[in-house]
Amino acid sequence: MATSAQLATIARQVTFQERVRYYMIEKSLLVLAASPDSADTLLGQKVLDLEESVLAWSLATLTNPSIAAGAHAEDGSTITDGDLQFAVHAQWDAFKV
């Protein structure tokens, strides 16, 4: 498993952040299409307006044990799309403030 310093390095990689942003937008569209409450609407709109910190979401996603265990390359390329999608979507409530 990667160290916290290695995971933080992955979180700063542009390609990894692009993957995370994709799943952030995907989750936003799913939530906004389902008659969300005001906090969901606010977060969804911030994500779609590119106002949410992708670095923060990337770091949060990398705290998931399955994601950390799959991080064998410095660019995060060994983390599967399915695992990444699940981990990003799971962060929604943590960022919904």
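This report walks through helix α3, the loops on either side of it, and the way helix α2 packs against two other helices. The structure is a predicted model.

**Helix α3 and its buried face**

Let us start with α3, which spans residues 38-48. Its buried residues are D40, L43, G44 and V47. Looking down the axis of α3, these buried residues sit within an arc of 100 degrees, so they line one face of the helix. Their packing partners are α2 (14-32), α4 (54-61) and α7 (92-95).

D40 deserves a moment of its own. This aspartate is part of α3, and its relative accessibility is 12%, so D40 counts as buried because the cut-off is under 20%. Leaving aside residues up to four places away in sequence, D40 touches V31, L32, W92 and K96.

The start of α3 has a polar contact to look at: a side-chain oxygen of D37 comes to within 3.1 Å of the backbone nitrogen of A39.

**Positive phi in the flanking loops**

Which residue with positive phi follows α3? That is L50, with phi near 60 degrees. L50 belongs to the loop between α3 and α4. On the other side, the loop between α2 and α3 holds S35, a residue other than glycine whose phi is also positive, near 50 degrees. As for accessibility, S35 counts as exposed at 70%, and L50 is exposed with a relative accessible area of 52%.

**How α2 packs against α6 and α4**

Two packed helices are described by the angle between their axes and the distance between the axes. Here are those values for two pairs that involve α2:

| Helix pair | Angle between axes | Distance between axes |
|---|---|---|
| α2 and α6 (residues 81-90) | about 55 degrees | 9 Å |
| α2 and α4 | roughly 90 degrees | within 9 Å |

The angle for α2 and α4 makes α2 roughly perpendicular to α4. By contrast, α2 and α6 are oblique to each other, and their crossing is right-handed.

The residues behind each pairing are easy to find in the structure. Towards α6, helix α2 offers F16, R19, V20, Y23, M24, E26, K27 and L30, which meet D81, L84, Q85, V88 and H89. Towards α4, helix α2 uses F16, Q17, V20, R21 and M24, and these meet V54, L55, W57 and S58. F16, V20 and M24 of α2 appear in both sets of contacts.

How values were computed
Residues are numbered from 1 along each chain as its sequence is written. This is a predicted model: local features need pLDDT of at least 70, side-chain atom pairs count only at pLDDT 80 or more; totals for chains, interfaces and linings use all residues. Side-chain values use heavy atoms; hydrogens and water are left out. Buried means under 20% relative accessible area, exposed over 50%, partly exposed in between (1.4 Å probe, protein chains only). Helices (H or I, at least four residues) and strands (E, at least two) are DSSP runs, numbered from the N terminus. The arc is that of the directions from the helix axis to the C-beta atoms. Contact means heavy atoms within 4.5 Å. A polar contact is a pair of N or O atoms within 3.5 Å; within protein, one must be able to donate a hydrogen and the other to accept it, and residues adjacent in sequence count only if both atoms are side-chain atoms. Axes are lines fitted to C-alpha atoms, for helices over the stretch in contact, and angles run from 0 to 180 degrees between N-to-C directions. Angles under 35 degrees count as roughly parallel, over 145 as roughly antiparallel, 65 to 115 as roughly perpendicular and the rest as oblique. A crossing is left-handed if the near helix is turned anticlockwise from the far one by less than a right angle, and right-handed if clockwise.
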